[in-house]
Structure formats: structure tokens, C-alpha cells
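Welcome! Please take a moment to look over the structure below, and then we will walk through a few parts of it together.

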Amino acid sequence: MPAVTIPYVSRHVAPPTTTEDLEWADLPIVDISKARTPEGRAELAPQMHDAMRTHGFLYIVNHGLTQAQNDRIFDIADVPFTQVPEEEKRKYTSTIKDSGSYRGYKFRQLWAIEGQVHDQIEHYQFFEQEKHPDALQPLLPEIHAFAAHNHYNVLIPILQLLARGMDLPEDTFVNVHGYDSTSGYTRFMKYWPRTEEEESKTKSVWLKGHTDIGTITILWSQPISALQVMSPDGKWRWVRHVDNALVINIGDSMEMLTGGYYKATIHRVIQPPADQRNLERLTVFYFTMAKDDTKLVPFTDSPKLQKEGVKRRIDDEHAPTMGEWRKGIIRSYGFTKLQRRDDKIEEEVVNGILVKHYN
């Protein structure tokens, strides 16, 4: 049979990693290939449990894609930013405040970061839409296959391991995650360098310290350092690039579903180190959510949660559904005037839940 021909796209040449002496976060590494069998999941469950209880961030390796396939995804990820004319981009602009969705393009200078300084981030998200820019159309089969890989080969094993860690039936969290356009979505994201004046006014913060909306965030590791995680001792530490690894963290929705047993992890994006400062930073995400109609209340039948005690962010009666929470956060982020609590924390209330931003 003839070989399958994949559509041509320009190569995205990844820059070298930084040589700066940075304070790196010491994050655990989990070999997810072992999760293919019940025996392997039994072995991995304590590792996942301890990593997410202690750090909230970890690396996944041996996830099933090769380095060449990883490189291809980053080639594709650059297409929305380099191969689509500005006029065509405007046809696919996200109606963020109206829809509560990032579907399509989110353009630079939309979110307020500090004072009059706005972001320099553009992203394109695949979410509930059938039409895409012309340059992306021939690449859709690969993008859909990539989303399926993230869902079935990465997300589901993680959810099974987290349930085991709480002594819950293995598919407890799997059952509230469907494979559809509202439970998981791919986002390609690019950060552009900012001016020295903008860096000074924001103390070099590109995205304030925050927690993610959903249950699990899957970030495909890339070489430009900018992501920092708040460590258990309260210090910001850099997340190191690991070739062909995934960076995983817990989001707000998983914290609410587990009654605080697994806590959403605070992280931020800052200006890269000096030897990477003028580079454009391309990132690839797979964000996951529970089904839109899932009420974000704890699974209180967990023996471990019963022993430790439930920590609710809102009482069960008034808890939002996943869809309500997702839309509420998206409509408010970067638009709402935050209330400063002290010199480090700003706050807002979304769906009756206190949301903190760390600067």
C-alpha cells in the first residue's frame, strides 16, 4: 500500500533551553505507560497520590507519542499564528464575554495584567466549532487524533489513579468526563515579548498567579522557561523543560469534586530568563473539564476524604455546575476589576466562590 502523505507545514524550530542558573521546582516524574494494566495502576496510584497531594504538579513520560510526533504537533500549533491572514483571523474571533468560551482566536492586548498594561498572548482554541481557518482544515484529522490521544491515553489513566488514591472506584472521575467538545479541548497559545516599560510596570509577570478552571491541565513541555509553580514552602520556582514530557496539574473543578483532597495548584507565567527573553513562546495545551451538567460537589463516599474532612469552597446547595463555573471564570478573567486584599493577593467572586489571583 502507498504511504500516507501528511499535509506540509513549515517547521517550528524549537530554541535551545536556557543556560541560566534558575531555582527549579523538584517535580515528580510518572511513567504513564504502566497504567495500561490494573497491576500497573496499582503500582502508580501511590506515586500519583503523593505527587498531587504534595506538589499538585508532575511530569508524565512514556505517554505514547514519539519526539517526532511531538515536533509535528508544535509545527501544527504555529499555523494559526503564522499561516492565517489577519483578516481571516477576525472571522474566527472568540466572543468571550458573551459566550463564556475561548472558541477560536483570543487576540493580544485583551486581558488587563496590571494598571494599563495588557497581555501579549494570542491563542486559538478548538471548542464546539465546525469551521476553522483554511490553513487548519487539512490538519484537522491530526488535531482530532491528538485530542483523542490526550483524552484516552493521558487523562483517563490520571483520573483512574486519582480515584484509586482516594479509595474510590477507579472510574469515579472518568464517569463525569465525556470525550466531547466541552470536556476536553486543545489550545495553541503564543506569547510575544513585551517592552521594558511593560515588564517594569508588571514586575515581569505575564500571567498572575492563578489556578486553572477545569479538572486536569495537560501542558506539552517546551523549551522556553516562563512557567513557575508556587511550591509547598510558598516560594515561586521554575518548571524545567523535559523533552517529550507532559506537565500536569490539578484545577479548581477537581479540587471541588474531591472536597479539597486534591488542591488546585497555583502557578504563573513570567518573563523568560535573559538568554530567552526576545523569543516567541509557543505552547500546546489539552484542558479538561467534567461534563457541563456535573454539579461540582465532593464525592463524600471516599473513606480518605471522610477521615480527613471535606473542605468546600461553597455549600453543596449553591455549588455551580461545570458549565456554569467554566463560563463564569472565562467571562470574568482579565476583565473584572480585582479587589486587593494585601500586597500579594487580589480577589474576585465568581458564582459565589472566592477566586484569588497571586502577584
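Here we look at some strands first and then at aromatic rings.

Keep in mind that this is a predicted model. A good place to begin is strand β16, residues 345-350. Five of its six residues are buried, so β16 is largely enclosed by the rest of the structure. On one side of the story is strand β15 (residues 339-340), which runs antiparallel to β16 and is joined to it by two bridges. Here R340 stands opposite E346, and a hairpin of four residues connects β15 to β16.

Strand β17 (residues 353-358) also pairs with β16 in the antiparallel sense, over six bridges. One of the partnerships is that of E348 with V355 in β17. The hairpin between β16 and β17 has two residues in between, and N351 in the turn has a positive phi of about 55°.

Now for the rings. How many aromatic pairs does the structure hold? There are 14 aromatic pairs. One of them is formed by F126 and F188, edge-to-face, at 5.5 Å centre to centre with 75° between the planes. F126 lies in the loop between β6 and α6 while F188 belongs to strand β7, so this pair ties together parts that are 62 residues apart in sequence. F126 counts as buried at 10% relative accessibility, and F188 is buried too, at 1%. Both rings belong to an aromatic cluster with Y105, F107 and Y124.

Charges meet rings here as well: the charged end of K106 sits over the ring of W111, 4.3 Å from its centre, and R108 lies over the face of W192, at 4.3 Å from the ring centre.

Conventions: Residues numbered from 1 in each chain as written. Predicted model: local features only at pLDDT ≥ 70, side-chain atom pairs only at ≥ 80, totals over all residues. Heavy atoms only, no water. Buried < 20%, exposed > 50% of the residue type's maximum accessible area, 1.4 Å probe, protein only. Pairing = 2+ DSSP bridges. Phe/Tyr/Trp six-rings, centres within 6.5 Å; stacked < 30°, edge-to-face > 60°. Lys NZ or Arg CZ within 6 Å of the ring centre and 35° of its normal.
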